[in-house]
Amino acid sequence: MSAGRKEIVMEGIGVSPGVVISRAFLLISEEERYVERRITADEVPREITRFEQALIATRHQIHEIQQQVSQAIGQENASIFDAHLLVVDDRSFVEEVIREVSEQHRNVESVLHEVAEKYAKALAKIDDEYLRERAADVRDVARRILRNLSGKSRSAIAELREPCVVIANDLSPSETATMDKEKVAGFATDLGSPTSHTAIMARALGIPAIVGLHDVSVRVSAGDEVLIDGNKGVLVIHPSADRLERYGQVQESRRHIESELAALRDEEAETRDGYRVLLSANIERPEDVAAVQSNGACGVGLFRSEFLYLSRNALPDEEEQFAAYDRVARQLAPDPVIIRTIDLGGDKFLSHIRTAPEINPFMGWRAIRFCLAQPDIFKTQLRAILRASASLNVRLMYPLVSSVTEVQQANVLLEAAKDELRQAGQPFNDAIEVGVMIEVPSAALTADRIAPHVDFFSIGTNDLVQYTLAVDRVNERIAYLYEPTHPAILKLTQATIDIGHAHNIWTGVCGEMAGNPLMVPLLLGLGADELSVSPSLVPMTKKMIRSLEYRQAEELAQRVLSSDSPQEVLDLCRQMAQEVAPEIMELIK
Ligand code: PEP
Ligand code: MG
C-alpha cells in the first residue's frame with residue numbers, strides 16, 4: 001500500500017487477464033520525456049527531491065566519464081566536462097527549475113526541458129564562440145538529468161533485476177516477446193488494442209496487461225506502487241488498503257473457479273450433447289508448448305512462426321527452423337501443429353532487412369506478398385516445415401492471402417521445395433495438409449475458388465475485422481469501431497465455413513474472437529470445426545463448449561444473423577454465456 005497517497009484509478013482495455021500489484025518501471029523514449037503533467041501541491045516536495053537526486057546522479061556520472069576520458073585520451077580532452085559540471089552546479093539554473101515546479105505545479109521533466117532550452121537559446125545568440133558552444137553543454141546536461149529523473153531507455157527492460165510492472169507509451173511485439181516473465185509482472189501502455197500482436201504476446205506469456213490508457217506513461221512515476229487488473233482493464237496508482245483487501249477477496253474466488261477449470265484439462269471439447277470441436281492453441285514461440293499442454297489444448301492451430309525471425313540480427317536458417325518445428329510437433333504428437341508461414345510486416349518488422357517505409361504497413365508488403373517476392377527465404381521455411389512433417393503431424397498455412405493466384409503461386413514454391421528435398425534425399429510428408437488463412441475480405445468472398453487448392457481454411461478474425469470494417473487493429477482511438485459482431489463479419493464467417501463444408505474441407509477460427517468466451521457459442525453455431533485460442537484461454541473456452549447444447553449454439557447463430565446491430569449481437573451472446581456458464585462471466589467481468 002502507498003501510505004498517504006491519493007489513489008488514482010485509470011480505465012483502459014484489459015488485454016491479458018490477471019491481477020498484479022508491484023512497483024512501476026517506466027520505459028520512456030527520448031521524445032516522451034518532456035511531456036507536461038500537472039502535479040498537486042502535495043507532490044511538489046517529492047518532485048523537487050527527484051530533481052535533486054537526479055542532479056547528484058548526473059554530477060557523479062560526469063565525474064566518472066571525465067576520469068575515463070582523461071585516462072584514455074588525456075586530461076586536456078576531459079576538460080570539456082568541466083563545462084558540464086558548471087551547468088549542474090549553476091545555482092540560478094537549478095533554482096529556476098525548482099521555483100517553476102513549486103509555483104506552476106508542473107512535473108520537473110517539462111520544467112527542466114523548458115528552462116534548459118531557454119538558457120541554451122540565450123547562449124546560442126551571444127556573439128562569442130566560446131559561450132555559443134556552451135548551449136550544447138546545457139542541452140547535453142539537461143538530457144542527462146532527464147534520463148536520470150525517471151524513465152529508462154528501452155533496452156533497460158532486459159536489465160530488470162526484480163519483478164515490476166512496465167509502463168510505456170507503447171511496446172512493440174518484439175519488445176514484448178523478449179520480456180522475462182519472472183521480471184515483468186505486468187505491463188500497461190498508453191496506446192494499443194486487444195488484437196495488436198503486443199496484446200497477443202502478453203496473453204501468450206501470461207503477463208497481465210492493459211493497453212489504451214492514453215496517458216498512463218505520464219501519470220505514473222518510476223517506483224510508484226501500481227495495481228494492474230488485466231481482466232477489467234483497470235489500473236490503480238497508489239492503491240488504497242481497502243482496494244487491496246477487496247482485490248484479495250476477488251482473487252480468492254477467481255482462483256477457486258480457475259482450479260475447477262483446470263480439472264477439465266483432459267476432458268474433450270464437446271458440447272453436452274456430444275458435438276465435438278477441435279480446441280487447439282495459438283503459439284508464438286517453441287517454449288509456449290508447455291502452456292499448450294498444461295491448459296489441455298489439442299495441438300496448435302496457429303504457430304506464428306515469424307516470432308522466430310524477430311529480435312535477432314540474421315534470418316534463422318533451415319536447420320534452426322527445422323529444429324524448432326520438429327521440437328514443437330514432437331512434444332505435442334500425435335496432436336496436429338499448424339505452422340503459419342511467416343507473416344512479417346504490419347506491426348512485426350525485421351530490423352536487419354531494410355525495407356522502404358510504408359504509409360500503410362498493414363496493407364503493404366507483408367506476409368505471403370513478402371514471401372512470394374522472396375522465394376529463397378520462403379522456400380527455406382517451407383523445406384524446414386516439410387522436413388518436420390516427415391514423421392509428425394505437421395500442417396502449414398499461408399497468411400494474408402487475397403486471391404487464388406497467390407495460393408497457386410505459393411503452392412508452386414511448395415512443390416519446388418519438395419523437389420529440392422527429394423534431390424537432397426530428405427524425407428517429408430508429400431501429402432502434408434495445406435491451408436489458407438481467411439483474413440482478407442477478398443479471400444472470404446472467393447473462398448469457393450480457393451477451396452479446391454487447399455485442405456483447410458482458418459479464419460483470422462483479427463485481420464478480417466480490420467480489413468472488412470476499415471479499422472486499424474492497433475489504433476486505440478477507433479477501438480470502439482472494432483466489432484467482431486458486426487453483421488459483415490458474421491456473414492463472411494458463415495459464408496467461409498459453408499463454402500469450406502461444401503468443398504469437404506474443415507474450417508477453423510484462429511483469431512482472438514475464438515478465445516472470447518462470449519463468442520464461442522456463436523462460432524460453434526456457425527459451424528466452426530476448430531477453435532484455436534491463446535493457451536491461457538483454453539480452459540475457459542473448453543468450459544464454455546462443455547456447458548452448451550449444440551442446439552442452443554445453432555439457435556443463437558440463426559438469431560444473430562438476422563440482426564443489424566453489433567451491440568445487439570453482443571448482448572445476445574452475453575445472455576447466452578450468462579445462462580450456460582455464469583462462472584465464466586464471473587472470471588471475465
Ligand atoms: C488473425 O489475423 O486473425 C490472425 C490470427 O493472425 P494475426 O493475429 O497474427 O494477424
Ligand atoms: Mg492475421
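**Briefing: a metal site, two helix settings and some unusual backbone**

With a relative accessibility of 2%, D463 counts as buried, and this residue is one of the protein donors of the magnesium ion (ligand 2). The model described here is a predicted one. The points below begin with the metal site, move on to the helices, and end with places where the backbone takes up a less usual form.

**The magnesium site**

- The magnesium ion (ligand 2) has E439 and D463 as its protein donors, the first through OE and the second through OD, and these donors lie 2.0 to 2.1 Å from the ion.
- The two donors come from distant parts of the chain, 24 residues apart, since E439 belongs to the loop between β13 (434–438) and α16 (441–445), whereas D463 sits in helix α18 (residues 461–469).
- E439 has a relative accessible area of 2%, and because buried means under 20%, E439 is classed as buried.

**Helices α4 and α5**

- Helix α4 (residues 91–104) and helix α5 (residues 108–125) have axes that come within 9 Å of each other and cross at roughly 140 degrees.
- An angle over 145 degrees would count as roughly antiparallel and one of 65 to 115 as roughly perpendicular, so the crossing angle places α4 oblique to α5.
- The crossing in which α4 passes α5 is right-handed.
- On the α4 side the contact is made by S92, F93, E96, V97, E100 and V101, while α5 brings V108, V111, L112, E114, V115, A116, K118 and Y119 to it.
- Sorted by class, the residues in this contact of α4 with α5 comprise 9 nonpolar, 1 polar and 4 charged.

**Helix α8, an enclosed helix**

- Helix α8 (residues 197–205) has 9 of its 9 residues buried, which means that the helix is largely enclosed by the rest of the structure.
- The buried residues of α8 are H197, T198, A199, I200, M201, A202, R203, A204 and L205.
- Elements covering these buried residues include the strands β2 (13–16), β5 (184–189), β6 (209–211) and β10 (300–304), together with the helices α7 (173–177) and α18.
- Helix α18 therefore appears twice in this briefing, as part of the cover over α8 and as the helix that holds the donor D463, which is itself buried.
- After α8 comes G206, a residue with a positive phi near 70 degrees.

**Y325 and its surroundings**

- Y325 is a residue of helix α12 (residues 318–332), and its relative accessible area of 0% makes it buried.
- Once neighbours within four places in sequence are left aside, Y325 is in contact with F303, S305, L308, I339, Q381, A384, I385 and A388.
- Between the C-alpha atoms of Y325 and A581, which are 256 residues apart along the chain, the separation is 36 Å.

**Backbone features to look for**

- As background, most peptide bonds are trans, and most residues other than glycine have a negative phi.
- The peptide bond between A333 and P334 is cis, with an omega of about 5 degrees, and P334 is placed in the loop between α12 and β11 (337–340).
- A367 is not a glycine, yet its phi is positive at about 50 degrees; this residue lies in helix α13 (residues 367–373) and is buried, with a relative accessible area of 0%.
- N504, again not a glycine, has a positive phi of about 60 degrees and is found in the loop between α19 (487–502) and β15 (506–509).
- N504 has a relative accessible area of 72% and is therefore exposed, whereas A367 is buried.

Terms used. Residues are numbered from 1 along each chain as its sequence is written. Chains are lettered from A and ligands numbered from 1 in the order in which they are written. This is a predicted model: local features need pLDDT of at least 70, side-chain atom pairs count only at pLDDT 80 or more; totals for chains, interfaces and linings use all residues. Side-chain values use heavy atoms; hydrogens and water are left out. Donors are N, O and S atoms within 2.8 Å of the metal (3.2 Å for Na, K and Ca); water is not among the atoms, so sites may look incomplete. Helices (H or I, at least four residues) and strands (E, at least two) are DSSP runs, numbered from the N terminus. Buried means under 20% relative accessible area, exposed over 50%, partly exposed in between (1.4 Å probe, protein chains only). Axes are lines fitted to C-alpha atoms, for helices over the stretch in contact, and angles run from 0 to 180 degrees between N-to-C directions. Angles under 35 degrees count as roughly parallel, over 145 as roughly antiparallel, 65 to 115 as roughly perpendicular and the rest as oblique. A crossing is left-handed if the near helix is turned anticlockwise from the far one by less than a right angle, and right-handed if clockwise. Contact means heavy atoms within 4.5 Å. Ala, Val, Leu, Ile, Met, Phe, Trp, Tyr, Cys and Pro count as nonpolar, Asp, Glu, Lys and Arg as charged, and the others, Gly among them, as polar.
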